[in-house]
Amino acid sequence: MYRVILIMLFLWNSLSAQNFSGRAEYITKLNEEEFKKQAFSDPNMDPVMKKFIEDKMKQKLQKNYVLNFNQYLSIYQENQTINIDKENIDNSWSPYGIDLKYFKNLKSQKSIIQKDLLGKYFFIEDDLEKFEWQLLNQTKKIGDYNCFSAKLIIKPSQEEITNYEAELIEYEKNKTNFMKPIIPEDKIITVWYTTEIPVSMGPDKYWGLPGLILEVNDGKTITQCSKIILSGKEIKIDFPKGNLISPNNYNKIVEEKIKQMED
């Protein structure tokens with residue numbers, strides 16, 4: 001019955017959702033206790049390495065993001081206007097590229113991720129990920145908005161399992177005191193959304209609920225909305241149209257770059 005009521009609310013609200021455009025700001029924090037539980041699972045870890053990880057963790061304890069949205073389009077990115085101190089600039093790097101912006105298009109059911117790979121920008125287009133949300137009979141207030149809860153259970157991918165098995169073999173072979181690989185487990189995502197803003201958007205890749213998602217807890221990080229500015233007019237969002245590549249083609253480029261660095 002609860003699910004039926006929510007669906008009816010969503011259908012009714014969708015009729016007037018055209019004027020719901022705006023900007024939502026989010027703060028993402030590491031779940032410190034859960035991080036320590038996983039990162040320091042090896043009791044024989046070198047104390048120097050442990051302190052190094054703790055210091056790095058503190059540097060990345062909080063980040064600020066902004067979601068600009070209208071009924072069908074959204075763009076999610078780090079809010080560069082908040083941390084302007086040069087000493088606090090995130091110098092993170094990854095051989096797989098750094099996510100800069102996440103676009104969602106509900107009409108075309110497409111997503112685009114803008115990545116920075118060694119100073120070169122790529123726009124990777126894929127189908128929007130479909131989420132099988134379980135609506136929960138729980139409510140709370142976030143700011144001025146009444147929110148409902150939902151959860152999502154994500155099974156470990158075959159890639160995660162394969163990577164774990166390879167890392168475990170390497171760990172046992174070298175008998176290193178670094179971080180012992182953690183067995184992949186089901187990931188439980190808990191979110192809070194409000195039907196008072198009837199747009200099916202949310203931070204990062206999340207979407208598909210009958211209202212704007214204001215909080216996401218994935219066990220490792222907690223992302224919560226800190227500010228919402230609604231607009232009476234539809235916000236224009238420039239959705240990338242050209243120079244798009246598929247995830248497979250991007251992965252091939254990454255593999256080539258890694259091979260070049262190894263050589």
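A nonpolar core, as the term is used in this talk, is a set of buried Ala, Val, Leu, Ile, Met, Phe, Trp, Tyr and Cys residues joined through side-chain atoms within 4.5 Å. Good morning, colleagues. The structure before you is a predicted model, and I shall begin with its cores before turning to its sheet.

The largest nonpolar core of this model has 34 residues. Within that core, W133 and L212 have the most contacts. Several strands supply at least two residues each: β1 (21–30), β2 (62–69), β7 (134–142), β8 (145–154), β9 (187–194) and β10 (212–217). Of the strands, β8 gives the most to this core, namely five residues. A second core, separate from the one just described, consists of six residues and includes L73, I112, I237 and F239. As general background, nonpolar side chains tend to be buried together in soluble globular proteins.

Let us look at L212 in more detail. Which residues is L212 in contact with, leaving aside its neighbours within four places in sequence? The list comprises A24, Y26, L67, F69, W192, Y193, T194, I197, V199, M201, G202 and I228.

I turn now to the sheet. It is an open sheet of twelve strands with mixed pairing, and its order is β7-β8-β9-β10-β11-β1-β2-β3-β4-β5-β6-β12. At the edges stand β7 and β12 (244–245), each of which pairs on one side only. In general, the strands of a sheet pair through backbone hydrogen bonds, either parallel or antiparallel.

We may follow some of these pairings in turn. Strands β8 and β9 run antiparallel and are joined by seven bridges; here I153 stands opposite I188 of β9. The pairing of β9 with β10 is also antiparallel, over five bridges, and T190 has N217 in β10 as its bridge partner.

Further along the order, β2 and β3 form an antiparallel pair over five bridges, with N68 partnered by I75 in β3. Strand β3, residues 73–78, is in turn joined by five bridges to β4, residues 98–105, and these two run antiparallel. I75 appears again in this pairing, where its bridge partner in β4 is F103. Next, β4 and β5 pair in the antiparallel sense over seven bridges, and the partner of N105 in β5 is K110. The hairpin of β4 and β5 has four residues between the strands, and in this hairpin Q109 takes a positive phi near 60 degrees.

Two residues in this part of the sheet deserve attention. The first is S111, which lies in β5, residues 110–117. Is S111 buried or exposed? S111 is buried, because its relative accessible area is 4%, below the 20% cut-off for that term. Beyond its neighbours within four places in sequence, S111 is in contact with Y102, F103, I124, E125, D126, D127 and L128.

One of those contacts, I124, is the other residue to consider. I124 belongs to strand β6, residues 120–127, and is likewise buried, with a relative accessible area of 9%. I124 lies ten residues from Q114 in sequence, and their C-alpha atoms are 6.4 Å apart in space. With neighbours within four places in sequence set aside, the contacts of I124 are S111, I112, I113, K115, I245, S246, P247 and Y250.

Finally, a helix meets this region. Helix α5, residues 247–262, lies across β5, β6 and β12, and runs at about 145 degrees to β6. P247 and Y250, both named among the contacts of I124, fall within the residue range of that helix. Thank you for your attention.

Note on methods
Residues are numbered from 1 along each chain as its sequence is written. This is a predicted model: local features need pLDDT of at least 70, side-chain atom pairs count only at pLDDT 80 or more; totals for chains, interfaces and linings use all residues. Side-chain values use heavy atoms; hydrogens and water are left out. Buried means under 20% relative accessible area, exposed over 50%, partly exposed in between (1.4 Å probe, protein chains only). Contact means heavy atoms within 4.5 Å. Two strands pair if DSSP finds at least two bridges between them. Axes are lines fitted to C-alpha atoms, for helices over the stretch in contact, and angles run from 0 to 180 degrees between N-to-C directions.
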